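Visitor: Could you take me closely through one part of this model, the charged patches on its surface?

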Amino acid sequence: MEATPNQDAAQPEAAGSPPARAPLEIELKLAGSAEALATLRSAELVLRHARNRGVVRRLEATYYDTQDCLLDRNGLSLRVRRSGRRHVQTLKRAVRGGDPLARDEWEVSLPDERLDLSLLPLAEIGEPLASLPAAQLSPVFATRVRRRAQKLDFAGALIEIALDDGTIEAGDRRAELCEVELELKAGEAAALYEFGLALLELAPLQVETASKAARGYRLAFDDRPQAQKAKPVAIVAEDNVDAAIAKILGNGQRHLMANLGPVVAGGSPEAVHQMRVSLRRLRTALSLFGRELAPPALAPIAVEAKRLATLLGPARNWDVFVTQTLPGIAKDGLAGIDLSSLEEAAAPLRGESHAAVHAALAGPRVNRFLLGFGALLERRGWRNGIASEALAVLAEPVGSFAARVLARSHRKSLRRGRHFARLAPEARHELRLSLKKLRYTAEFFLPLYAGQSAARKYLARLEKLQEALGAANDTATTQPLLAGLRGGKALPELDFAAGAVLGWQRRHELEAGRKLLKSWRRFEGAAPFWS
């Protein structure tokens with residue numbers, strides 16, 4: 001992604017003059033403490049790359065919306081910001097495809113603090129703003145920020161670094177705001193990630209995916225960010241393998257980053273689950289591209305993705321135990337079984353597992369991974385250091401590549417499932433993992449086979465088989481959790497409840513087992529849709 005070379009186009013136009021469509025705002029945010037910002041204000045790294053001495057401003061912004069938050073629900077934010085005697089009206093909109101750095105942005109100067117929607121290119125922006133009466137808009141929250149802004153030359157790009165500290169205010173609610181904004185004025189977006197990595201060496205910072213507007217709405221309405229599922233990969237038949245790698249890995253990055261905020265905010269088991277899914281999908285993609293191309297740059301990304309997925313594992317297991325396993329048993333109405341002792345004993349261990357996740361996400365290693373992955377995507381780093389024959393693979397049409405990797409993954413799963421009825425539990429677990437990778441691979445390339453009933457039928461059979469194998473794996477996951485609750489001690493009440501849990505799971509495992517062989521044979525007989 002590259003910023004527009006016309007830096008002046010990003011500046012507000014004169015009051016009363018409808019602006020042309022503004023360029024994309026391309027910006028990376030890093031959250032930090034007041035101490036971290038103080039360190040960066042005098043950092044030699046910033047001084048070495050600075051174009052100017054910087055300027056300090058006090059910015060006060062009021063954000064507007066309808067009573068039912070029509071703008072926010074449509075991915076829009078509208079504000080009027082005052083800096084000294086200047087007033088600027090700004091509309092921002094999330095871009096299609098969910099790019100984590102980019103937003104559409106329109107700015108226009110105002111004579112005073114009053115909104116004037118007529119100065120925006122409403123026909124171009126479209127609904128719901130185009131036909132929205134300004135009288136329906138009212139203040140929702142405000143921000144008060146002290147900003148130190150400075151322009152930098154770094155890695156062939158022009159970057160504006162802004163150190164913001166202040167507050168977000170909604171009624172009598174207040175939230176502290178302390179962050180670094182790196183905005184691309186010219187050049188390639190990779191420079192933002194790379195400069196962010198350099199800043200991590202100077203101060204403890206954390207990748208921030210929520211805008212000031214998003215945090216303001218959460219404060220005003222006591223909302224929490226919601227978990228996000230993966231979107232389909234926008235692959236088309238005209239793509240070559242190089243373009244497909246960019247789209248598949250980019251899709252994985254967006255899925256991962258979309259769940260970063262919800263996991264950090266806490267209280268969302270689904271967000272932890274979706275972050276783990278994003279990492280499993282990413283590891284699957286890295287594995288299949290690694291086999292075909294052996295690009296050195298992808299190996300460290302794979303290591304860090306595996307490490308983060310492992311860190312999330314205990315939190316996910318405790319979430320499932322507390323929010324699914326125990327309620328499922330209670331719903332079945334097992335007479336005389338009180339599971340409250342298990343829930344109470346699990347609460348502190350579940351809390352510790354989530355605290356470990358939050359500590360990891362705030363730490364330097366995970367944030368280096370997130371920024372390094374972003375830089376790799378922008379630079380297309382998988383092209384570096386590969387053999388000459390691998391360069392030919394990059395130019396290959398994606399259709400032939402997809403058929404090859406799908407066939408290989410399918411054959412591997414069939415081999416692992418040979419003599420299915422006699423497979424040991426460990427072998428079934430390996431089969432389950434192989435089927436997950438096959439499913440993710442099929443989903444990556446599914447848009448190439450849109451409209452084919454064979455593809456839908458294949459995935460449906462694969463999903464049913466996965467579900468049946470997952471039910472058989474529940475007992476193996478629960479046993480170490482129950483052992484951890486006891487802590488090696490004889491606790492009759494806990495032991496009785498734990499026995500009931502294992503017995504209930506074993507019953508479901510047997511029920512699933514009766515259907516398992518049939519599910520396997522249906523999958524085994526599924527026609528490969530990529531042939």
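Guide: What follows looks at the positive patch, then at the negative one.

This is a predicted model, in which local features need pLDDT of at least 70, side-chain atom pairs count only at pLDDT 80 or more, and totals for chains, interfaces and linings use all residues. Residues are numbered from 1 along each chain as its sequence is written, and side-chain values use heavy atoms, with hydrogens and water left out.

Arg283, Arg291, Lys306, Arg411, Lys412, Arg415, Arg416, Arg418 and Lys437 form a positive surface patch, where a patch joins like charges within 9 Å among residues that have over 30% relative accessible area and no salt bridge, that is, no side-chain nitrogen of Lys or Arg within 4 Å of a carboxyl oxygen of Asp or Glu. Two elements, α8 (269-293) and α13 (398-416), each give two or more residues to this patch, and α13 gives the most, with 4 residues; helices here are DSSP runs (H or I) of at least four residues, numbered from the N terminus. Arginine 283 belongs to helix α8 and, at 33% relative accessibility, counts as partly exposed, because that class lies between buried, under 20% relative accessible area, and exposed, over 50%, with a 1.4 Å probe and protein chains only.

The patch of negative charge on the surface gathers Asp338, Glu343, Glu344 and Glu493. Of these, Glu493 lies in helix α16, residues 492-524, and this glutamate is exposed, with a relative accessible area of 53%.

Methods:
Patch = residues over 30% accessible without salt bridge, like charges linked within 9 Å, V, L, I, M, F, W, Y side chains within 5 Å. Areas by Shrake-Rupley, 256 points an atom, 1.4 Å probe, with all protein chains shown as cover. Lys, Arg positive; Asp, Glu negative; His and termini not counted. Charge placed at Lys NZ, Arg CZ, Asp CG, Glu CD.
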